[in-house]
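The following exercises are intended for a reader who wishes to work through a protein–ligand structure in a methodical way. Please attempt each task before reading its solution.

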Amino acid sequence: MRKTYGRIVAVDEVSFDVHEGEIFGLIGPNGAGKTTTMECVEGLRRPDRGTISVLGLDPFRDVYQLQERIGVQLQQAHLQKRIKVWEAAHLWATLYKKPASVGDVLLEQLGLAEKRNAWFMTLSGGQQQRLFIALALINDPQVVFLDELTTGLDPQSRRTIWELVRGIRARGKTVFMTTHLMEEAERLCDLVAIIEQGRIIDIDTPQRLIDRHVPGRTVVLVTQDPLAEERFRALPHADTVSRAGDEFSILGRGDGFVTEVIQCLAEHQMRVSDFRTALPNLEDVFITLTGHSIRD
Ligand SMILES: Nc1ncnc2c1ncn2[C@@H]1O[C@H](COP(=O)(O)OP(=O)(O)O)[C@@H](O)[C@H]1O
Ligand SMILES: [Mg+2]
């Protein structure tokens, strides 16, 4: 699909499949086209060209049918300041012709039971997001859309939300989410599509993206052995050895590289006061693919 706003090409020739029961993540920096893509899939915006099929329906033509079967949490979501948590849940249940008890069960499951009588404006960021998840689940949807769900939350609330999203998958639902947080995508998503400037630059599982684009492993260790540098440089799979005082960072290739370093230490009976490995992550994939960090 392609979607322009006047002269701005927000999404260009984007194409992907999301499989049933998986957490699919569209990841990329601000302005990459994540929300535009997601809102076209939800039927909220109409692409200029291309075709989209969700549960066999056309999101634009069959929007009312589709709304019954999907749940949506928007990036910019607000409720009335003084609506109470239980009122919002019951209102949403009414909209989908569900009994109010469905809302109560979800508030319980999302840890909002003791906030039932609280006004929306008094909830913390994490509580507001949990309420939005509850509302997105009220019609028992088959596909749930979550747009930048944890942006602005503290690490603790973020972890709670990640557990909730895994719980949605565990109930057999499909999750389509966006995030600009690489750690979030890596921990949560089964499949990720990296989008930049309206184009998807790669799609795969987080681990396969890492293995394909940044196969290196880094070993960081501290030793005072005078021959250390020389020995590390001689390792068959070491690419670079850098040093800061007694701390060495050795970047190498292949699954056996870490073992190779350990064998070298053992063979020469080198004393080591610290040893750790740093595995590459999705952030490194993004840098490799685009030449810059996602935060730039
Ligand atoms: N309603 C709109 N009108 C004009 N430009 C828009 C509109 N919505 C988004 N854009 C532009 O489209 C591009 C993609 O935006 P968006 O889909 O919101 O990206 P993301 O969600 O990845 O941050 C940006 O350049 C943004 O400024
Ligand atoms: Mg967005």
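The exercises below concern a predicted model and proceed from the whole chain to individual sites.

**Exercise 1. The chain as a whole**

Task: State how many helices and strands the protein chain contains, and describe its extent and burial.

Solution.
- Step 1. The protein chain holds 11 helices and 12 strands.
- Step 2. Along the principal axes, its C-alpha atoms fill a box of roughly 75 × 45 × 30 Å.
- Step 3. The chain has 296 residues, of which 47% count as buried.

**Exercise 2. The magnesium ion**

Task: Identify which residues coordinate the magnesium ion (ligand 2), and locate them in the secondary structure.

Solution.
- Step 1. The coordinating atoms are OG1 of Thr-35 and OE1 of Gln-75, at 2.0 to 2.1 Å.
- Step 2. Thr-35 belongs to helix 1 (residues 34-41), whereas Gln-75 sits in the loop between strand 4 (70-73) and helix 3 (85-95); the pair therefore ties together parts that are 40 residues apart in sequence.
- Step 3. To classify the two residues, recall that buried means under 20% relative accessible area and exposed over 50%, with partly exposed in between. Gln-75 has a relative accessible area of 33% and is thus partly exposed. Thr-35 is among the buried residues of helix 1.

**Exercise 3. The surroundings of ligand 1**

Task: Describe the shell around ligand 1 by composition and by origin, then list backbone contacts to its oxygen atoms.

Solution.
- Step 1. The shell is made up of Tyr-5, Ala-10, Pro-29, Asn-30, Gly-31, Ala-32, Gly-33, Lys-34, Thr-35, Thr-36 and Arg-45.
- Step 2. By type, these residues divide into four nonpolar, five polar and two charged.
- Step 3. Helix 1 supplies the largest share of the shell, three residues.
- Step 4. Polar backbone atoms approach oxygen atoms of ligand 1 at three residues in succession: Ala-32 at 3.2 Å, Gly-33 at 3.0 Å and Lys-34 at 2.8 Å.
- Step 5. Ligand 1 taken alone exposes 560 Å², and the protein buries 63% of that area.

Thr-35 appears in both settings: it is a donor to the magnesium ion and a member of the shell around ligand 1.

**Exercise 4. Helix 1**

Task: Determine how many residues of helix 1 are buried, and what follows the helix.

Solution.
- Step 1. Helix 1 is mostly covered, with eight of its eight residues buried.
- Step 2. These residues are Lys-34, Thr-35, Thr-36, Thr-37, Met-38, Glu-39, Cys-40 and Val-41.
- Step 3. After the helix comes Gly-43, which has a positive phi near 85°.

**Exercise 5. Strand 6 and its partners**

Task: Establish which strands pair with strand 6, in which sense, and how the faces of strand 6 are covered.

Solution.
- Step 1. Strand 3 (residues 23-27) runs parallel to strand 6, and five bridges join the two. In this pairing, Leu-26 stands opposite Thr-178.
- Step 2. Strand 5 (residues 143-147) also pairs with strand 6 in the parallel sense, over five bridges. Here Val-143 has Thr-174 as its bridge partner.
- Step 3. Strand 6 (residues 174-179) has six of its six residues buried. On one side these are Thr-174, Phe-176 and Thr-178, and on the other Val-175, Met-177 and Thr-179.

**Exercise 6. An antiparallel hairpin**

Task: Characterise the pairing of strand 10 with strand 11 and the residues between them.

Solution.
- Step 1. Strand 10 (residues 238-244) and strand 11 (residues 247-252) run antiparallel and are joined by six bridges.
- Step 2. Ser-242 has Ser-249 in strand 11 as its bridge partner.
- Step 3. Two residues lie between the strands of this hairpin, and Gly-245 takes a positive phi near 65°.

**Exercise 7. Positive phi outside glycine**

Task: For Glu-13 and Glu-148, give the phi value, the location and the degree of burial.

Solution.
- Step 1. Most residues other than glycine have a negative phi.
- Step 2. Glu-13 has a positive phi near 50°, and so does Glu-148.
- Step 3. Glu-13 lies in the loop between strand 2 (8-11) and strand 3, while Glu-148 is found in the loop between strand 5 and helix 6 (155-170).
- Step 4. Glu-13 is partly exposed at a relative accessible area of 45%, whereas Glu-148, at 5%, counts as buried.

Definitions and conventions:
Residues numbered from 1 in each chain as written. Chains lettered and ligands numbered in written order. Predicted model: local features only at pLDDT ≥ 70, side-chain atom pairs only at ≥ 80, totals over all residues. Heavy atoms only, no water. Donors = N, O, S within 2.8 Å, 3.2 Å for Na, K, Ca; no water. Helix = DSSP H or I, 4+ residues; strand = E, 2+ residues; numbered from the N terminus. Buried < 20%, exposed > 50% of the residue type's maximum accessible area, 1.4 Å probe, protein only. Near = heavy atom within 4 Å. Polar contact = N/O pair within 3.5 Å; in protein donor to acceptor, adjacent residues only side chain to side chain. Areas by Shrake-Rupley, 256 points an atom, 1.4 Å probe, with all protein chains shown as cover. Nonpolar A, V, L, I, M, F, W, Y, C, P; charged D, E, K, R; others polar. Pairing = 2+ DSSP bridges.
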